[in-house]
Amino acid sequence: NKYSMQLYNKLSADERSKILETSKLKRITLSFYQYAHIVDPKKFRDSLFIFWNSIDVLGRIYIAKEGINAQLSLPEINIDKFTNHLNSVSFLKNVRLNIALKHETKSFLKLKIKVRNKILADGLNDKNFDVTKKGIHLNAEEFNNLMSNKDSIVLDMRNHYESEIGHFKNAICPDVDTFRDSLDVIENKLKDHKEDKNLLMYCTGGIRCEKASAYFKHKGFKNVYQLEGGIIEYARQVKEQELKNNFVGKNFVFDNRRVEKISEEIIAQCHQCGSPFDVHTNCANDACHLLFIQCDECKKKMKNCCSNKCLEITSMPHLLQKELRKGQKNSNDIFKKGRTNNITTFNKNEL
């Protein structure tokens, strides 16, 4: 097959990094998603890869029967080719593109397009749930207006480590590890308010609150709204239209930048010394890689480690560290998210 060499990424991250360093082309970082009914995700995936690879798109893209979720970067000069191509796909015509506030050349180093069971893991096996029957979309101004209504409840559909560094004023931020957990937590707490409260949901770029809005409608909630384009688009509209900014802190993003600053406040603390700080780091111990907040002083003192135990391990010879990791099951032991005690969780009196 003459296309087979084009269907997968062939360069290592290091090779790509060197190419990007020497390239003079300005790159744009963006994301988009669309829930749709895709009959043949594999065929769609391959056709995307062939074209996107030809216009130097890099990123992380998931495709499933329920739609597409894409986070990527591409040379600015190719943006028209890219959008024309999107518009040629029926369910992607005029899809909202969330353009990042700041662009970095190395936000992505590979083009990875993967076929998944779902574009957003939700643990649901409800055959009657249609993810395309979503709540009402709100722009930044409409979201601000409805936020001030006494019958509105603002819900953060992200996980604990994201809301810790930034969230909307008075938002309820469930202390959860997964999107699936948040669905149950919120439904249980708000089950008596299906008729009398406005549910205002938000997330990073819209993909989680869009599925959540469809889910809560499916569960009988009457007044369900979502912030269209998420925090990323809200920040852009606030700046462009000089609106009141009701988001405090930073927005956690899933590329090499880690954060986008939305307001000047620092609302989080270093997990080690408690001083105001809001940038996450991964523990330097390869058997741990805990994602946690560590200020510059602690980073220096702890050599990028989350604990004395990890510090001890990283000072050992490389081969000995490798030996210690042998037989460890990575999936559950590494890449966990560090917790804090400062997250606003549900309080019955607030409702």
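Leaving aside neighbours within four places in sequence, which residues is M157 in contact with? The list runs F179, S182, L183, I186, M201, Y202, C203, R208, C209, A212 and F216. Keep in mind that this is a predicted model.

**The cores**

M157 also turns up in the largest nonpolar core, which has 28 residues. Along with L155, L183, M201 and F216, M157 is one of the residues with the most contacts inside that core. Several elements give two or more residues to this core: strands β1 (27-35), β2 (58-64), β7 (152-156) and β9 (198-202), plus helices α6 (179-190) and α7 (207-218). The largest share, 6 residues, comes from α7. Apart from this core lies another one, of 24 residues, and I28, I38, F49 and W52 are among them.

**Rings that meet**

Now for the aromatic side chains. The structure holds 14 aromatic pairs. A pair of rings is described by how far apart the centres are and by the angle of the planes. Here are two of the pairs:

| Pair | Centre distance | Plane angle | Arrangement |
|---|---|---|---|
| F143 and Y234 | 6.4 Å | 75 degrees | edge-to-face |
| F168 and F247 | 5.2 Å | 90 degrees | edge-to-face |

Why do these count as edge-to-face? For F143 and Y234, the planes stand at 75 degrees, and the cut-off for edge-to-face is over 60. F168 and F247 get the label because their planes are at 90 degrees.

What does each pair tie together? F143 sits in helix α4 (residues 140-147) and Y234 in helix α8 (residues 230-241), so this pair links parts that are 91 residues apart in sequence. F168 belongs to strand β8 (residues 166-168) and F247 to strand β11 (residues 247-252), so here the parts tied together are 79 residues apart in sequence.

Are these rings buried or exposed? F143 and Y234 are both buried. F168 is buried too, at 0% relative accessibility, and F247 counts as buried at 1%. These four residues join Y202 in one aromatic cluster.

Another ring has a charged partner: K337 lies over the face of Y161, 5.3 Å from the ring centre.

**A look at N69**

Finally, take N69, which is found in strand β3 (residues 67-75). With a relative accessible area of 14%, N69 is buried, because the limit for that is under 20%. Not counting neighbours within four places in sequence, N69 is in contact with F32, Y33, R60, I61, Y62, I119 and I207.

Key: Residues numbered from 1 in each chain as written. Predicted model: local features only at pLDDT ≥ 70, side-chain atom pairs only at ≥ 80, totals over all residues. Heavy atoms only, no water. Helix = DSSP H or I, 4+ residues; strand = E, 2+ residues; numbered from the N terminus. Buried < 20%, exposed > 50% of the residue type's maximum accessible area, 1.4 Å probe, protein only. Contact = heavy atoms within 4.5 Å. Phe/Tyr/Trp six-rings, centres within 6.5 Å; stacked < 30°, edge-to-face > 60°. Lys NZ or Arg CZ within 6 Å of the ring centre and 35° of its normal. Core = buried A, V, L, I, M, F, W, Y, C linked by side-chain atoms within 4.5 Å.
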